[in-house]
Amino acid sequence: MGGHTGQLLCDLLARDDIAERFVRTKAETRCCINVLEPSGRSTEFLEPGREVYKDEVNALIERIGELAAQADVVTFNGSVPKGMDSTVYADLVGRVRAAGKPCILDTSGSLLEQGIRALPTMVKPNTDEIGQILGRSVSNIDEVCVAARELHDRGIEQVVVSLGGDGAVMACSAGLFRGRAPKIEVVNPVGSGDTMVGAFAVAIARGLAPADQLAYAMSCASANCLSASTGHFDPSVATDLLAGTIVTRID
């Protein structure tokens, strides 16, 4: 974090009693704005991450190595700023795995292609992203199932392929599962992917079985869609949705 926006982020975290261990940067933290219109249309304005320097990157890598030893689960999410190369997630995943801790990688493009070589515990690509990894088109449910299994067989314990409104498919050592959430009237979908990753981390830390992890994560992501606030949901709503979330074994 850096600059005035970074300080605002820290102030908001402190208000919610969330501890932080950010590496301070010379560059200003980027700002991402979600505009939700009365019609329900959602528009995002995403600033690119400003350049970070080698000493800051090295400090981040060291910090994550320290924190991994204290963590139950580590997640790596999204793009990276200028100053980081496409292997940075692979390096970070390797450090977490060396500490004996599970980690989730949720990114795209070359960051994902390089990152999976370090064998994160879980990845969460969509159909386009898993197709890019495997070098072929992945469109229908049968192709998704084959692709998820193939990536799991490479050594990734849990491969969760998000299907948007059609749910998700998960390949893991316990089998192949399809998850479907209850149909809802979406209020604001922004942040649902990150919510799903965070919920998976909680479910893993709680020791839930893979099928139960999928159901829990999908219910939280659906609850996020029902909240106008980005990345925020009512836990009681997620509990209600969990009762209607169906996970079936499909192999």
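D17 counts as exposed in this predicted model, its relative accessibility being 74%. The residue sits in the loop that runs between α1 (3-15) and β1 (32-36). Its backbone deserves a second look, for D17 has a positive phi of about 60° although it is not a glycine. A comparable entry comes from L119, another residue other than glycine, whose phi is positive and near 60°. L119 belongs to the loop between α4 (109-115) and β5 (122-123). With a relative accessible area of 34%, L119 is partly exposed, whereas D17 is exposed.

Turning to the interior, the largest nonpolar core holds 35 residues. Within this core, the members that touch the most other members are F76, V123, I130, L151 and V159. The surroundings of F76 can be followed residue by residue. Once its neighbours within four places in sequence are set aside, F76 is in contact with I64, Y89, L92, V93, V96, C103, I104, L105 and D106. Apart from the largest core lies another one, made of 24 residues. Among the residues of this other core are V160, V197, A217 and A223.

Two helix pairs were examined, beginning with α2 and α3. Helix α2 covers residues 54-68 and helix α3 covers residues 88-98. Their axes come within 9 Å and cross at roughly 25°. An angle under 35 degrees counts as roughly parallel, and α2 and α3 are therefore roughly parallel to each other. The crossing of this pair is right-handed. On the α2 side the contact is made by I61, E62, I64 and A68, and on the α3 side by L92, R95 and V96. Sorted by class, these contact residues of α2 and α3 comprise 5 nonpolar and 2 charged residues, with no polar ones. Three names from this interface return in the surroundings of F76, where I64, L92 and V96 are among the contacts.

Helix α3 also contains D91. This residue is partly exposed, and its relative accessible area is 41%. D91 and G115 are separated by 24 residues in sequence, while their C-alpha atoms lie 7.9 Å apart in space.

The second pair consists of helix α7 (residues 192-205) and helix α8 (residues 210-225). Here the helices pack at an angle of about 145°, and their axes are 8 Å apart. The crossing of α7 and α8 is right-handed, as is that of α2 and α3. From α7, the contact draws on S192, T195, M196, A199, F200, V202, A203 and I204. From α8, the contributors are Q213, L214, Y216, A217, M218, C220, A221, N224 and C225. By class, the contact of α7 with α8 has 13 nonpolar and 4 polar residues, and no charged ones. One of the α8 residues in this contact, A217, is also a member of the 24-residue core.

A further residue of helix α8 is S219. S219 is buried, with a relative accessible area of 1%. Beyond its neighbours within four places in sequence, S219 is in contact with A238, L241, L242 and T245.

Key. Residues are numbered from 1 along each chain as its sequence is written. This is a predicted model: local features need pLDDT of at least 70, side-chain atom pairs count only at pLDDT 80 or more; totals for chains, interfaces and linings use all residues. Side-chain values use heavy atoms; hydrogens and water are left out. A nonpolar core is a set of buried Ala, Val, Leu, Ile, Met, Phe, Trp, Tyr and Cys residues joined through side-chain atoms within 4.5 Å. Buried means under 20% relative accessible area, exposed over 50%, partly exposed in between (1.4 Å probe, protein chains only). Contact means heavy atoms within 4.5 Å. Axes are lines fitted to C-alpha atoms, for helices over the stretch in contact, and angles run from 0 to 180 degrees between N-to-C directions. Helices (H or I, at least four residues) and strands (E, at least two) are DSSP runs, numbered from the N terminus. Angles under 35 degrees count as roughly parallel, over 145 as roughly antiparallel, 65 to 115 as roughly perpendicular and the rest as oblique. A crossing is left-handed if the near helix is turned anticlockwise from the far one by less than a right angle, and right-handed if clockwise. Ala, Val, Leu, Ile, Met, Phe, Trp, Tyr, Cys and Pro count as nonpolar, Asp, Glu, Lys and Arg as charged, and the others, Gly among them, as polar.
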